[in-house]
Structures are given as structure tokens and as C-alpha cells.
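Reader: I want the reasoning behind the labels. Can you take me through a few of them?

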Amino acid sequence: MNKSDQAYKTISEVVKILNLKSRSNQKIPTHTIRFWETKFKQIKPKLLSGNRRYYDKSNIDLLKKIKFLLKERGMTINGVKKLLDSDHSNELDEITNQTIRTNNIRNKLSNISKIIKSLKK
């Protein structure tokens, strides 16, 4: 059963949504998101019992933007901070949202392709 888009997600679910990978591809790199939390004051997950982090849609969208700017655009953490704090963040929203939508469509097409291949077998 899939969670709705509006439901809070765990840090592991967010890592999968962002498609983050560790260098060794063995562990889910939740440490990356925890690190970004220390660098970007805008990321505010809900902390519940046992300090478990839960992220809402706005936090996940912000993490997608940060990942896009750091990994796809090659910006520095300080550069991303300045951009998120600047008046140009609306322009940034448009650029990243278009890229995120494109990536989401690619992921959906890939999943459909996998389903079709498994049905053929």
C-alpha cells in the first residue's frame, strides 16, 4: 500500500524519493539528509518519539531542490544557501520543478517498462 503524497514520510522513504545512493550502494544514505538539515535552516522535519524524523511534502520538495542544485547543477552549499535566501527563489522553483517533473516522468516510464518486462516473462 502506498502512502498518499500528503502523508509524512520517514527519512528512509525520503532517501528513496530523492534517489540518493551511497558510494558503496550498500546502505541507504540517510546521513546525507541529516547533514543537509544542519546546513539548511529551511529543512524542518517533525521529530517524534526516539528522535524519528518525519518529512511533509514541503520539506521533501525543498530537499528535491537542494539535491538538484548540489548534485545536478554542481553548486556549493553556501551558494545554495544564498540562492534559497534570495529574492530569486521563485525563479529557482520554476527551474527545479520542471526538472523534478521530468525526472518523475522518467521514473514512472522506467517502472512501467519494468512491469511490462516482468509480465512478458
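Author: Start with a term. Helices (H or I, at least four residues) and strands (E, at least two) are DSSP runs, numbered from the N terminus. The model is predicted.

Reader: Where is N19 on that numbering?

Author: N19 sits in the loop between α1 (11-18) and α2 (30-39).

Reader: What makes the phi of N19 worth a remark?

Author: Most residues other than glycine have a negative phi. N19 is not a glycine, yet its phi is positive, about 60°.

Reader: Why is N19 called partly exposed?

Author: Buried means under 20% relative accessible area, and exposed means over 50%. N19 has 44%, so it is partly exposed.

Reader: Which loop holds N51, and what is its phi?

Author: N51 lies in the loop between β2 (46-48) and β3 (52-55). Its phi is near 55°, again positive in a residue other than glycine.

Reader: Why is N51 called exposed?

Author: The cut-off is over 50%. N51 has a relative accessible area of 56%, so it is exposed.

Reader: Why are α3 and α4 called oblique?

Author: Helix α3 (residues 57-72) and helix α4 (residues 77-85) pack at about 135°, with axes 10 Å apart. Roughly perpendicular covers 65 to 115 degrees, and roughly antiparallel needs over 145. The angle of about 135° fits neither, therefore the pair is oblique. The crossing of α3 past α4 is right-handed.

Reader: Which residues meet there?

Author: L62, I66, L69 and L70 in α3 meet I77, V80, L83 and L84 in α4. The contact has 8 nonpolar residues, no polar and no charged.

Reader: What makes them nonpolar?

Author: Leu, Ile and Val are among the types that count as nonpolar.

Key. Residues are numbered from 1 along each chain as its sequence is written. This is a predicted model: local features need pLDDT of at least 70, side-chain atom pairs count only at pLDDT 80 or more; totals for chains, interfaces and linings use all residues. Side-chain values use heavy atoms; hydrogens and water are left out. Axes are lines fitted to C-alpha atoms, for helices over the stretch in contact, and angles run from 0 to 180 degrees between N-to-C directions. Angles under 35 degrees count as roughly parallel, over 145 as roughly antiparallel, 65 to 115 as roughly perpendicular and the rest as oblique. A crossing is left-handed if the near helix is turned anticlockwise from the far one by less than a right angle, and right-handed if clockwise. Contact means heavy atoms within 4.5 Å. Buried means under 20% relative accessible area, exposed over 50%, partly exposed in between (1.4 Å probe, protein chains only).
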